[in-house]
Amino acid sequence: MQAFTYHRPTDLTEVVKILADCEDPKLLAGGMTLLPTLKQRLAAPSDLIDLARIQNLHGICEDKSEIVIGAMTCHADVAASALVRAFCPALADLAGQIGDPAVRHRGTIGGSVANADPAADYPAAVLGLNAIIETNQRRIKADDFFTDLFETALEPGEIITALRFPRPHKAQYQKFRHPASGYAVVGVMVAQFAGATRLAITGAGPNAFRPAALEEALTRSFTAKALEGLQLDPDELLSDMHASAAYRAHVALVLAQRAVGLIA
Amino acid sequence: MNITLTVNGQTLTRDVAPYLLLADFLRDELRLTGTHVGCDTTQCGCCIIHLNEKAVKSCTMLAVQADGAQLTTIEGLARADGTLHPVQEAFRDHHGLQCGFCTPGMVMMGADIVRRLPGADEETIRHQLEGNICRCTGYQGIVEAIMDASSQAKAS
Ligand SMILES: Cc1cc2nc3c(=O)[nH]c(=O)nc-3n(C[C@H](O)[C@H](O)[C@H](O)COP(=O)(O)OP(=O)(O)OC[C@H]3O[C@@H](n4cnc5c(N)ncnc54)[C@H](O)[C@@H]3O)c2cc1C
Ligand code: FES
Ligand code: FES
């Protein structure tokens, strides 16, 4: 790892100031992605700004009809939260399937969403559950957030402060887990809201996405059968040593049907 | 940078470089070499310690991030009078180790599992061990040991 200056601010104003003053700063959340990246020397920031001591980035609360999860809340806390479980069990289940228990004790929802790994689990929840990404500057709709491979709508220096989830009528997350890494080869979140069904897929494409044809079919008839005969276009999906695009397209449809079957 | 932390009940202050990993701090600075580094890539779990009573991989934390924290390493798991932790005892009873390289991490993760999930069944324990790799045992003795300690924790 290359040398860097370490900062540990206690409020966001300080973070913004440090960001502005440094040559090549990086925010540090749980470090579960960033520290391995630094060890491999794939990044060499001049400064690390640790968000751990900023109190209002931690914790989970209910706000009117939404649940608000602070960016620095770790996966284990989301998985174990009685509030999240009562509000949307699928979200707690998803958090409990990330990596392993030690990773879940450190990795955070804000870090995962900001990183936008194509195989990460949270993007399926954020998009499928129609969450709002709150930053120190604005609120971003999930539909506008994930833009490409590891790319998001965040501007340089913009900090995610919280994720805001509306309450679905019912939801289910189904994941085909990579047996070694734990990441999603494919993950599908299906959520029923008043009048509409949302379906988000992670792992399969360069970023999490909502296939319109599948959602329309489910909005017409919320049954696993309604998805029969539909297809995702493999040309738009990822192919790698773990799975071909055609395989991912097939698995996504199977997982979607399973999720619907568990709800319907 | 100066950090003050409590390791196995002892509070100490040290001056460390920001890029020093917690695992290296424990092994090289404090000479607590029970914490092993098997992969250095967050996969194997040999470096697991308890940070504020939660299992974490010390190869993927900076020492400076542990400033102010309470740490327990494998050296501090048994009681001061030498009485083994129930998970350590169970590893002995169930032959939960061969070469012993993964064992500190397995025991620290096992203790974390037993604390969080007393009475956990075999399937749960196998899933909970997804971040710990053993090249020798085939896991059977490890899983049996943690199951035993976990059912004892539930009974008590
Ligand atoms: C062994 C292992 C297995 C894993 N398995 C899975 C898995 O199955 N599924 C899965 O989804 N993930 C998995 N992960 C990734 C894990 O969930 C990470 O915790 C997560 O991707 C990054 O979160 P972090 O808090 O560790 O962020 P960090 O590593 O600290 O940061 C990641 C990036 O986000 C930026 N960032 C962090 N916080 C903010 C913020 N608030 N605002 C703006 N930018 C920010 C950082 O600058 C950095 O670029 C795994 C990781 C490991 C090591
Ligand atoms: S050495 Fe830390 S996980 Fe392998
Ligand atoms: S006992 Fe040898 S690696 Fe587990």
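Where is Thr42(B) found? Thr42(B) sits in the loop between H1 and E3 of chain B, and there is a bit more to say about that residue further down.

## Ground rules

This is a predicted model, where local features need pLDDT of at least 70, side-chain atom pairs count only at pLDDT 80 or more, and totals for chains, interfaces and linings use all residues. Residues are numbered from 1 along each chain as its sequence is written, chains are lettered from A and ligands numbered from 1 in the order in which they are written, and side-chain values use heavy atoms, with hydrogens and water left out.

On confidence, the model comes in at ipTM 0.97 and pTM 0.97. Chain B has an average pLDDT (the predictor's confidence in each residue, from 0 to 100) of 97, with 100% of its residues scoring at least 70.

## Chain B as a whole

Chain B has 5 helices and 5 strands, and along the sequence they run β-β-α-β-β-β-α-α-α-α. Helices (H or I, at least four residues) and strands (E, at least two) are DSSP runs, numbered from the N terminus. The radius of gyration is 15 Å, close to the 15 Å that the globule rule gives for 156 residues, so chain B is as compact as a globular protein of that length. That radius is taken over C-alpha atoms, and the rule is 2.2 Å times the number of residues to the power 0.38. Along the principal axes, the C-alpha atoms of chain B fill a box of roughly 45 × 30 × 25 Å.

Of the 156 residues in chain B, 51% are buried; that means under 20% relative accessible area, with exposed being over 50% and partly exposed in between (1.4 Å probe, protein chains only). Contacts (heavy atoms within 4.5 Å) with a separation of 6 or more are 58% made up of residues 24 or more positions apart in chain B.

## Two domains

The domain assignment (automatic or from a database) splits chain B into domain 1 (2–76) and domain 2 (86–155). Their C-alpha centres lie 21 Å apart. The contact takes 18 residues from domain 1 of chain B and 15 residues from domain 2 of chain B.

## Helix H1 of chain B

H1(B) covers residues 22–29, and its buried residues are Leu22(B), Ala23(B), Phe25(B) and Leu26(B). Those residues are on the same side of H1(B), because they cover an arc of only 165° around the axis. The arc is that of the directions from the helix axis to the C-beta atoms. Among the elements covering them are strands E1 (2–7), E2 (10–15), E3 (48–51) and E5 (70–72) of chain B.

## Positive phi in chain B

Most residues other than glycine have a negative phi. Arg31(B), just after H1(B), takes a positive phi of about 60°. Back to Thr42(B): that residue is not a glycine, yet has a positive phi of about 70°, and counts as buried at 11% relative accessibility. Asn52(B), also not a glycine, has a positive phi of about 50°. Asn52(B) lies in the loop between E3 and strand E4 (54–57) and is partly exposed at 43%.

## Two buried spots in chain A

Ile133(A) is in strand E6 (residues 132–135) of chain A and is buried, at 0% relative accessible area. Beyond residues up to four places away in sequence, Ile133(A) touches residues including Val113(A), Val126(A), Phe145(A), Ile160(A) and Leu163(A).

His75(A) belongs to helix H3 (residues 75–80) of chain A and is buried at 5% relative accessibility. Leaving aside neighbours within four places in sequence, the contacts of His75(A) include Ala95(A), Ile98(A), Val103(A) and Tyr122(A).
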